[in-house]
Amino acid sequence: MKNPFISVALSLTTALLSSCTTTSEGFRQQSLSVTVRSGVRTLVAKNWHIGDDCRQIDYPAMDVVEKPKHGRLEIVHEPLFPKLDGKTSKCESVKINGVVGYYTADKGYTGSDRLVIRSPYEEGKTEEGVLSVKVVN
């Protein structure tokens with residue numbers, strides 16, 4: 001396959017409060033804030049590795065750098081649509097296998113939490129997502 005396409009999307013299914021990205025050669029860090037409901041499983045990250053023909057190449061790594069203190073982060077393999085916010089791709093309407101991260105706050109907990117996930121996003125490059133979580137009832 002020519003030009004394999006690797007992508008990472010820190011995808012939030014709840015209201016995004018703020019976002020900030022810093023980069024250096026081969027590494028970028030994205031800081032995001034999200035509000036979630038206590039005890040509710042919420043999609044917080046997804047990652048895929050596909051070729052120009054929209055077929056899966058493999059399951060990319062999604063490493064937990066910092067675990068949440070008031071909940072759990074579950075990393076699973078499942079079908080997803082490879083869509084990046086604000087970018088259009090011929091593959092965005094094709095469901096492919098990828099890696100997905102779900103955060104669930106401890107039942108009854110309200111307050112703040114934080115987690116950090118690291119994944120490849122292009123050949124030889126890494127993205128680190130720092131997610132600040134506000135947990136409400």
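1. A word on terms before we start: helices and strands here are DSSP runs, numbered from the N terminus, where a helix needs at least four residues and a strand at least two. On that footing, this predicted model has 0 helices and 9 strands. Followed along the sequence, the pattern reads β-β-β-β-β-β-β-β-β.

2. Some overall figures may help you get your bearings. The chain has 137 residues, and 41% of them count as buried. Its accessible surface comes to about 7600 Å², with 48% of that belonging to carbon and sulfur atoms. Contacts reach far along the chain: among those between residues at least 6 apart in sequence, 68% join residues at least 24 apart.

3. Strand S4 is a good place to look next. This strand is mostly covered, with 9 of its 9 residues buried. S4 runs antiparallel to S7, and 5 bridges join the two. If you would like one pair to find on screen, take Ala45, whose bridge partner in S7 is Gly101.

4. Staying with S7, which spans residues 96-105, have a look at Thr104 in that strand. Is Thr104 buried or exposed? Thr104 counts as buried because its relative accessibility is 7%, and the cut-off for buried is under 20%. Beyond its neighbours within four places in sequence, Thr104 is in contact with Gly39, Val40, Arg41, Gly71 and Arg72. One of those contacts, Arg41, also lies over the face of Tyr102, at 3.7 Å from the ring centre.

5. The loop between strand S4 (42-50) and strand S5 (63-66) holds Cys54. Most residues other than glycine have a negative phi. Cys54 is not a glycine, yet its phi is positive, at about 70 degrees. Cys54 is also buried, with a relative accessible area of 10%. You may want to view this residue together with the pair described in the next point.

6. How many salt bridges does a search of the whole structure find? There are 6. Side chains of opposite charge can pair when their charged atoms come close. One of the salt bridges joins Arg55 to Asp53, where the closest N and O atoms are 4.0 Å apart. Arg55 counts as exposed because its relative accessible area is 58%, while Asp53 is partly exposed at 40% relative accessibility.

7. A second salt bridge links Glu92 with Lys83, and here the closest N and O atoms are 3.8 Å apart. Both partners fall in the partly exposed class: Glu92 has a relative accessibility of 24%, and Lys83 has a relative accessible area of 31%.

8. The salt bridge between Glu128 and Arg118 has its closest N and O atoms 2.3 Å apart. This pair links distant parts of the chain, with Glu128 in strand S9 (residues 125-136) and Arg118 in strand S8 (residues 111-122), 10 residues apart. Why is Glu128 classed as buried? Glu128 is buried because its relative accessible area is 8%, and buried means under 20%. Arg118, by contrast, is partly exposed at 32%.

9. The two strands that hold this pair are themselves partners: S8 and S9 pair in the antiparallel sense over 11 bridges. Gly111, for example, stands opposite Val135 in S9. The S8 and S9 hairpin has 2 residues between the strands, and within this hairpin Gly124 takes a positive phi near 75 degrees.

10. S8 has another partner in S5, with which it pairs in the antiparallel sense over 3 bridges. Val64 is a handy residue to click on here, and its bridge partner in S8 is Ile117.

11. Turning to the rings, a search of the whole structure finds 0 aromatic pairs. Charges over rings do occur, though. The charged end of Arg28 sits over the ring of Tyr121, 3.6 Å from its centre.

12. Lastly, consider Glu25, in the loop between strand S2 (16-24) and strand S3 (27-37). Glu25 is exposed, with a relative accessible area of 84%. How far apart are Glu25 and Thr126 in sequence, and how far in space? They are 101 residues apart in sequence and 9.6 Å apart in space, taken from C-alpha to C-alpha.

How values were computed
Residues numbered from 1 in each chain as written. Predicted model: local features only at pLDDT ≥ 70, side-chain atom pairs only at ≥ 80, totals over all residues. Heavy atoms only, no water. Buried < 20%, exposed > 50% of the residue type's maximum accessible area, 1.4 Å probe, protein only. Contact = heavy atoms within 4.5 Å. Pairing = 2+ DSSP bridges. Salt bridge = Lys/Arg side-chain N within 4 Å of Asp/Glu carboxyl O. Areas by Shrake-Rupley, 256 points an atom, 1.4 Å probe, with all protein chains shown as cover. Phe/Tyr/Trp six-rings, centres within 6.5 Å; stacked < 30°, edge-to-face > 60°. Lys NZ or Arg CZ within 6 Å of the ring centre and 35° of its normal.
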